[in-house]
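This report takes up helix packing first and then turns to aromatic contacts.

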Amino acid sequence: MSSLSLAVRDSSTMLRRNLLHARRYPSLTLNLLLTPVMLLLLFVYIFGDTMSAGIGGGNRSAYIAYLVPGILLMTIGSTTIGTAVSVATDMSEGIIARFRTMAVHRGSVLIGHVAGSVLQAVAGVVLVGAVGVAIGFRSVGATPLEWLAAFGLLVLFALALTWIAVGMGLISPNAEAASNTAMPLIFLPLISSTFVPVHSMPGWFQPVAQYQPFTPAIETLRGLLLGTEIGNNWWIALLWCLGLTVLGYRWSQAVFNRDPQ
């Protein structure tokens with residue numbers, strides 16, 4: 001078999017392994033999905049009327065439309081924490097050391113983690129999106145091409161954050177440390193335009209909120225699904241996704257290929 005065929009075969013095996021782990025031990029994924037769902041319900045039913053008045057929407061349904069795109073991207077950040085924990089667990093429990101002694105393509109271990117995590121992130125987005133639809137979210141005039149672009153953005157964003165999470169898991173000594181190291185992936189959406197517009201924030205803080213990875217992606221997703229102005233957010237979001245993917249990949253490969261101590 002060629003090197004490419006071996007890499008594809010081993011990566012597929014590692015993908016099945018990670019999906020089986022997720023199916024047998026779903027509690028971690030479900031707990032991570034609970035955070036965006038609870039925040040969605042909290043901000044809609046407890047703060048919805050007040051927040052809607054603050055952004056000029058006038059009613060709760062307007063705030064649901066504003067909130068859901070940000071919550072979908074927060075869902076991706078939440079689920080990738082499970083990636084960091086899973087990678088750290090594999091590294092600390094010795095299975096990676098065993099893989100190193102076997103005729104397994106070295107890159108397949110990380111590719112299996114990444115592919116499985118992206119699939120779980122997309123499944124999580126579908127689940128949280130279904131909750132959003134159930135409580136009243138509706139897209140406004142989005143064409144099939146815009147829906148396809150929105151899906152592509154979500155997958156690309158999940159890929160970028162997953163590679164970063166893999167790197168975080170590789171440098172963590174255990175699963176507990178990995179979950180703490182990956183906390184910025186949940187914290188960043190809280191200081192983005194998920195809940196309130198950037199222009200309503202203090203002036204000194206607006207650049208921080210505007211140019212972090214989540215806000216451009218959120219504004220692009222809103223524009224695709226709701227018809228709001230996207231402006232230059234689409235290419236900023238694309239640059240963040242590509243940059244984080246390359247950075248996470250190179251970082252993860254460097255740490256993983258390092259000789260074990």
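## Helix packing and aromatic contacts

In this predicted model, the axes of helix 4 (residues 60-93) and helix 6 (residues 106-134) come within 9 Å, and they cross at roughly 145°. The crossing of these two helices, helix 4 and helix 6, is right-handed. On the side of helix 4 the contact is made by Val68, Ile71, Leu72, Thr75, Ile76, Thr79, Thr83, Ser86, Val87 and Asp90, which meet His113, Ser117, Ala121, Gly124, Val125, Val128, Gly129 and Gly132 of helix 6. Sorted by character, the residues in the contact of helix 4 with helix 6 comprise eight nonpolar, nine polar and one charged.

Helix 4 also contains Ser78. With a relative accessible area of 0%, Ser78 is buried, because the cut-off for that class is under 20%. When residues up to four places away in sequence are not counted, Ser78 touches Leu32, Pro36 and Ile186.

The aromatic rings are the next topic. The count of aromatic pairs comes to six, and two of them are set out below.

| Aromatic pair | Centre to centre | Angle between planes | Class |
|---|---|---|---|
| Phe43 and Phe47 | 5.3 Å | 65° | edge-to-face |
| Trp163 and Tyr249 | 5.2 Å | 90° | edge-to-face |

The pair of Trp163 and Tyr249 ties together parts that are 86 residues apart in sequence, because Trp163 lies in helix 7 (residues 144-171) and Tyr249 in helix 12 (residues 233-257). Within this pair, Trp163 is buried, with a relative accessible area of 7%, whereas Tyr249 is partly exposed, with a relative accessible area of 39%.

As for Phe43 and Phe47, the planes of their rings stand at 65°, so the pair is classed as edge-to-face, a class that requires over 60 degrees. Phe43 counts as buried at 15% relative accessibility, while Phe47, at 34% relative accessibility, counts as partly exposed. Together with Phe195, the residues Phe43 and Phe47 form one aromatic cluster.

A contact between a charge and a ring completes the description. The ring of Tyr66 has the charged end of Arg222 sitting over it, at 3.6 Å from the ring centre.

Definitions and conventions. Residues are numbered from 1 along each chain as its sequence is written. This is a predicted model: local features need pLDDT of at least 70, side-chain atom pairs count only at pLDDT 80 or more; totals for chains, interfaces and linings use all residues. Side-chain values use heavy atoms; hydrogens and water are left out. Axes are lines fitted to C-alpha atoms, for helices over the stretch in contact, and angles run from 0 to 180 degrees between N-to-C directions. Helices (H or I, at least four residues) and strands (E, at least two) are DSSP runs, numbered from the N terminus. A crossing is left-handed if the near helix is turned anticlockwise from the far one by less than a right angle, and right-handed if clockwise. Contact means heavy atoms within 4.5 Å. Ala, Val, Leu, Ile, Met, Phe, Trp, Tyr, Cys and Pro count as nonpolar, Asp, Glu, Lys and Arg as charged, and the others, Gly among them, as polar. Buried means under 20% relative accessible area, exposed over 50%, partly exposed in between (1.4 Å probe, protein chains only). Rings of Phe, Tyr and Trp (its six-membered ring) pair if their centres lie within 6.5 Å; planes under 30 degrees apart count as stacked, over 60 as edge-to-face and the rest as tilted. A charge sits over a ring if NZ of Lys or CZ of Arg is within 6 Å of the ring centre and within 35 degrees of the ring normal.
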